[in-house]
Amino acid sequence: MKLYAFYFSPTGGTKKVLDIICSAWDCQTEWMDLSDLPKTGFPVSFRETDLYIVAVPSFSGRVPQFIVPILQRLQGNQAKAILISTYGNRAFDDTLLELKDTMEQAGFLCYCAAVTRHSVMPRYGAGRPGAEDKKELKRFAVQCRELLKQPFTPIGVPGSRPYRTYGSIPVKPRADKCCMDCGLCYQKCPVHAIPGDHYRTCDANVCISCLQCITVCPQKARHVNRFILKAAEITMRKTCSGRKPNQFGPYVLQNCRALIMTLSKNYPAAF
Ligand SMILES: Cc1cc2nc3c(=O)[nH]c(=O)nc-3n(C[C@H](O)[C@H](O)[C@H](O)COP(=O)(O)O)c2cc1C
C-alpha cells in the first residue's frame, strides 16, 4: 500500500494536523502540496490498494475554491480516502461534504474536522492543535488503520447542499519597504494574485486571503491591515469563542454507539 498525503496549508496548521495523522502509518508516504500540483503535474491515477488523505482548511465553511478543479483531476479509482478539514474555531460547515462530492471516485473511509488556530485571527483556536488534540488525532489515525483491514462500507459526512455561500474577506496582504523583491510570494501565491511586475501589491479581486505570501516571505515584509483585523476579530468574537471540538467519523462515532449500547444493556437504569 502507498499513502498519498495531499494538502493545502498556507499558514501551516493543516500540515501540522496531517503530520500527526500520517505518523500513525508505517508505509511510504508521498507528500503533495495542492497549490503546487498544477506546476508539478498530476499523479492522476490511484490503485484500489492505495490510501490517500486530503487535508484542506475550511474557508468560509467551504473548500478553498481554487482546489476544486485540482481535486477533480485526481482519479480515485476507488482507492480509499480520508478527508480532513481544519477550521479556525468557528465551524467547518460544508467543507467535508464539498470535499467528498468533489472527489467522487474515491472510496471514503473516514473523516476528521480538526481545530487549529485561526490563520487570520490567531487569538481564536490559539495553541491548537495542542496535546489533547494530538492524542485524539493519533487515536483517529490508528482507528483508520484498523478500519482499512475491514470490508469497506460507504460513509456519509456532515454538511448540507446547497453549500454555504462562499464569501471573501477584506484581508489582502501587502509588502512594506523591507521587501527585497525576491518574488517568492509571487511564485507561491496559489491564485496568482500578485503581479509579476510589482510584488508588493496584490489584486484584491483575485486574492483569497490565504496568507501563504506572508508565510513564505523571508523578510517578513508582508502584512495585513491591523485595523481591519481588529474589526474582524470583534465581529467574530461570538462565533469563534470557546473551545470547539474536533470531529471524527464514522468509525469513532460507531465505537461510541457500540459503547452506549453495551452500557445501556448492562446498566439500563442509567439511560
Ligand atoms: C479566507 C479564510 C476563511 C476562513 N474561514 C473559516 C471558517 O469559515 N470557519 C473557521 O472555523 N475557520 C475559518 N478560517 C480559518 C482556517 O480554516 C484555519 O485557520 C485553518 O486551519 C488554516 O489552515 P492553515 O494553517 O493550514 O493555513 C478561515 C481562514 C481564511 C484564511
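**His 192 and its loop**

I started at His 192, which sits in the loop between helix 6 (184-188) and helix 7 (212-216). This is a predicted model, so I read every angle below as a computed value. His 192 has a positive phi of about 55° although it is not a glycine. I noted the background: most residues other than glycine have a negative phi. Is His 192 buried or partly exposed? I found 14 C-beta neighbours inside 10 Å, so His 192 counts as partly exposed. The cut-off for buried is 20 or more.

I stayed in this loop for Arg 200, which also lies between helix 6 and helix 7. Arg 200 has 15 other C-beta atoms within 10 Å and is therefore partly exposed. Which residues does Arg 200 contact, leaving aside its neighbours within four places in sequence? I listed Arg 174, Ala 175 and Cys 179. I then checked the spacing to Arg 174: the two C-alpha atoms are 5.6 Å apart, across 26 residues of chain.

**Another positive phi**

I looked up Gln 78 next. Its phi is near 65°, again positive in a residue other than glycine. Gln 78 belongs to the loop between helix 3 (67-72) and strand 4. It has 13 C-beta neighbours inside 10 Å, so I entered Gln 78 as partly exposed.

**Cis peptide bonds**

I went through the peptide bonds. The bond joining Arg 128 and Pro 129 is cis, with omega about 5°. Pro 129 falls in the loop between strand 5 and helix 5. I also logged a cis bond from Arg 161 to Pro 162, where omega is near -5°. Pro 162 is in the loop between helix 5 and strand 6 (174-175). For reference, most peptide bonds are trans.

**The ligand shell**

How many residues surround the ligand? I have 25, and the closest are Gly 13, Thr 14, Pro 57, Gly 88 and Arg 90. Two elements give two or more residues to this shell: helix 1 (13-22) and strand 4 (80-87). I sorted the shell by class and got 9 nonpolar, 15 polar and 1 charged residues. Domain 1 (3-163) and domain 2 (174-235) each supply at least three residues to the shell.

**Helix 1 and helix 4**

I followed helix 1 inward from the ligand. Its buried residues include Gly 13 and Thr 14, which are also among the closest to the ligand. Lys 16, Val 17, Leu 18 and Ile 21 of helix 1 are buried too. I recalled that an α-helix has 3.6 residues a turn, so residues three or four places apart point the same way. What covers the buried residues of helix 1? I noted strand 1 (3-7), strand 3 (51-57), strand 4, strand 5 (107-115) and helix 5 (131-147) among the covering elements.

Helix 4 (residues 95-102) came next. I found Thr 95, Leu 96, Leu 97, Glu 98 and Leu 99 buried there. These buried residues pack against strand 3, strand 4 and strand 5. Those three strands also appear in the cover of helix 1.

**Two domains**

I then stepped back to the division of the chain, which gives domain 1 (3-163) and domain 2 (174-235). Their centres, taken over C-alpha atoms, are separated by 25 Å. I found 11 residues of domain 1 in contact with 11 residues of domain 2. On the domain 1 side, the touching residues are 6 nonpolar, 4 polar and 1 charged.

**The whole chain**

I took the overall figures last. The chain holds 10 helices and 8 strands. Its C-alpha trace spans about 70 × 45 × 35 Å along the principal axes. Why does a radius of gyration of 20 Å agree with a compact globule? A compact globule of 271 residues would have a value near 18 Å, and I accept the 20 Å of the chain as agreeing with that. Buried residues make up 38% of the 271. Of the contacts with a separation of 6 or more, 82% link residues 24 or more positions apart.

**Confidence**

I checked the pLDDT before closing. The chain averages 90, and 91% of the residues score at least 70. Residues 253-260 are below 50, and this stretch has 0 contacts beyond near neighbours in sequence. Residues 266-271 are also below 50, with 1 such contact. I left both stretches unread, because low-pLDDT coordinates should not be read in detail.

Terms used: Residues numbered from 1 in each chain as written. Predicted model: local features only at pLDDT ≥ 70, side-chain atom pairs only at ≥ 80, totals over all residues. Near = placed C-beta within 6 Å. Helix = DSSP H or I, 4+ residues; strand = E, 2+ residues; numbered from the N terminus. Nonpolar A, V, L, I, M, F, W, Y, C, P; charged D, E, K, R; others polar. Domains from an automatic or database assignment. Buried ≥ 20, exposed ≤ 12 C-beta atoms within 10 Å, placed from the backbone. Contact = placed C-beta atoms within 7 Å. Rg over C-alpha atoms; globule rule 2.2 N^0.38 Å. pLDDT = per-residue confidence, 0-100.
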